[in-house]
Structure formats: C-alpha cells, structure tokens
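This report introduces one structure to a reader who has not met it before. It begins with the ligand and then turns to the chain and to one selected residue.

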Amino acid sequence: MYTLIVGNQEWSSWSLRPYMALVATGAPFKTEVIKLRQPPASKENILKHSPAGKVPVLKSGSEIIWDSLAICETLAERHPEARLWPDDSQIRARARAYAAEMHSGFPDVRDQLSMHFSQSLPLPELRDDTKAQIARIIAAWEDTLAQHGKEDGFLFGRFCVADCMYAPVVSRFTTFGVEVPAQVKAYMDKVWALPGMQSWLAAAKEEVANGFSGLYPA
Ligand SMILES: N[C@@H](CCC(=O)N[C@@H](CS)C(=O)NCC(=O)O)C(=O)O
C-alpha cells in the first residue's frame, strides 16, 4: 500500500502529477495532505517525510521517493502493466523530453498562472515570457496530438507520464480561460474529465469550502 504525501490540492501542482500516475496504476494508495505556506509548520511537517523538504513524497513501506518526476518514473518501472510510458523507444524518448521540459521549465507560466484548481480566475496581464511559454506548450501539444494522439486522444495516444506532468497546465489553462485551438481544447477537456482530476477537484473544493487555500498570493 502506497502513501502519497501531497501539498494542499488547490495549489500543489507538483503533487497532482504523481497522483495522476498513481491513479493510472490502479494500485491501492492513500493520500496524506500537508498544508502549505504555514510557516514553520509546513516545512516541519514535510521534513518528517523527506529530507528534501518538498512534496510530493511517495512512501512504500520504509522506502521514500521524492520529486514528482522520480515518483512517476518509479511507478512506471514498478507497474509495467499500466504502460505509463509509450512502448516505442523513439516515441518514449519524445514523451520523456516533453515531460522533462515541463519539470524544469515554464517558470513564468507557473508564476503568473499559479494553480487554483477549483477556482475560475481572470487572466492577468501576461508578460512576454509567459506568452512565449504558453505558445510553446500549445505548439508542443498540437504537435504530439497530431502525431500520436489518434489512439486515445492523449499526447502520445494512451495516457502516459507526459500527460501527468502537464495535468496542472490543463488546470491552469482551464481555470484562467487561456484561449487554445479546438484540438487542444478537446485534449484539455479529456484530461479534465479523468477520474483522477475529478477526485482531486473534489478535494480542492473541500479545502476551499473549509477556509483553507484562498487565492495565492493573497
Ligand atoms: N521539483 C520538485 C518541486 C516540488 C515543489 O516545489 N513542491 C512544493 C509544493 S507544490 C513544496 O513542497 N513547497 C513547500 C516548500 O517549499 O516549503 C518536484 O518535482 O517534486
């Protein structure tokens, strides 16, 4: 039985990624939520689970795995039946490149369109760098969907780790009303409708209803 330690679900985009991968494995797991941005308690609570001091953290018995991409990779390796990466080596390499690009990039999108999973927000005045990063993501999605999306309508056909890594961007583009081409909108709607996204949404709504997770920054 896995335990996935996550940040609060309204905001914690990094936590959503391995959550989506874990749901896709079908393995039993429980989620433990740490409230973020409550100094010093947040950091102290995270450090009880991981010396890296960040969520998400996956616990499997006494083993801990931290970092969203490392968790997704580990799940892909340990649950081959879930086929969390494409079967074809060249396509898998592309999927990995797109996943890594998300993991290490798009800082302005993350800064200006910070995740508020359950709340529709007005699009702020976007910086040029943010606009360029949004355009890059849309172009990347158009490209992968055109080349590989036919099978199931995800970036590389079947749902895979690349979709997990971009799931928070789907949320951000949806809640901020970013304009996207029709094919990209269809992809976003498909991801948004996934059971994992909907269960995350229910938890995020509950947090907001309980008075935690207002707008960030306040
Ligand atoms: N590269 C890390 C980033 C993790 C990260 O920045 N997590 C945030 C929450 S979304 C966090 O733990 N913040 C708490 C803190 O910095 O004190 C990953 O992919 O998991």
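## Surroundings of the ligand

In this predicted model, 16 residues surround the ligand, and those that come nearest are Gly7, Ser12, Trp14, Lys54 and Ser68. Sorted by class, the shell around the ligand consists of seven polar, six nonpolar and three charged residues.

Three helices each supply at least two residues of this shell: helix H1 (13–25), helix H2 (41–47) and helix H3 (68–78).

## Architecture of the chain

The protein chain contains four strands and nine helices. Read from the N terminus, the order of the elements is β-α-β-α-β-β-α-α-α-α-α-α-α.

## Dimensions and packing

Along the principal axes, the C-alpha atoms of the protein chain fill a box of roughly 45 × 45 × 25 Å. The radius of gyration of the protein chain is 17 Å, which agrees with the value near 17 Å for a compact globule with 218 residues.

Of the 218 residues, 39% count as buried. Among contacts in the protein chain with a separation of 6 or more, 68% are between residues 24 or more positions apart.

## Proline 86

Proline 86 is placed in the loop between H3 and helix H4 (89–104). This residue counts as buried because 22 other C-beta atoms lie within 10 Å, and the cut-off for a buried residue is 20 or more.

Leaving aside residues up to four places away in sequence, proline 86 touches Ile91, Arg92, Ala95, Phe156 and Cys160. Proline 86 and cysteine 160 are 74 residues apart along the chain, with their C-alpha atoms separated by 7.0 Å.

Notes:
Residues numbered from 1 in each chain as written. Predicted model: local features only at pLDDT ≥ 70, side-chain atom pairs only at ≥ 80, totals over all residues. Near = placed C-beta within 6 Å. Nonpolar A, V, L, I, M, F, W, Y, C, P; charged D, E, K, R; others polar. Rg over C-alpha atoms; globule rule 2.2 N^0.38 Å. Buried ≥ 20, exposed ≤ 12 C-beta atoms within 10 Å, placed from the backbone. Contact = placed C-beta atoms within 7 Å.
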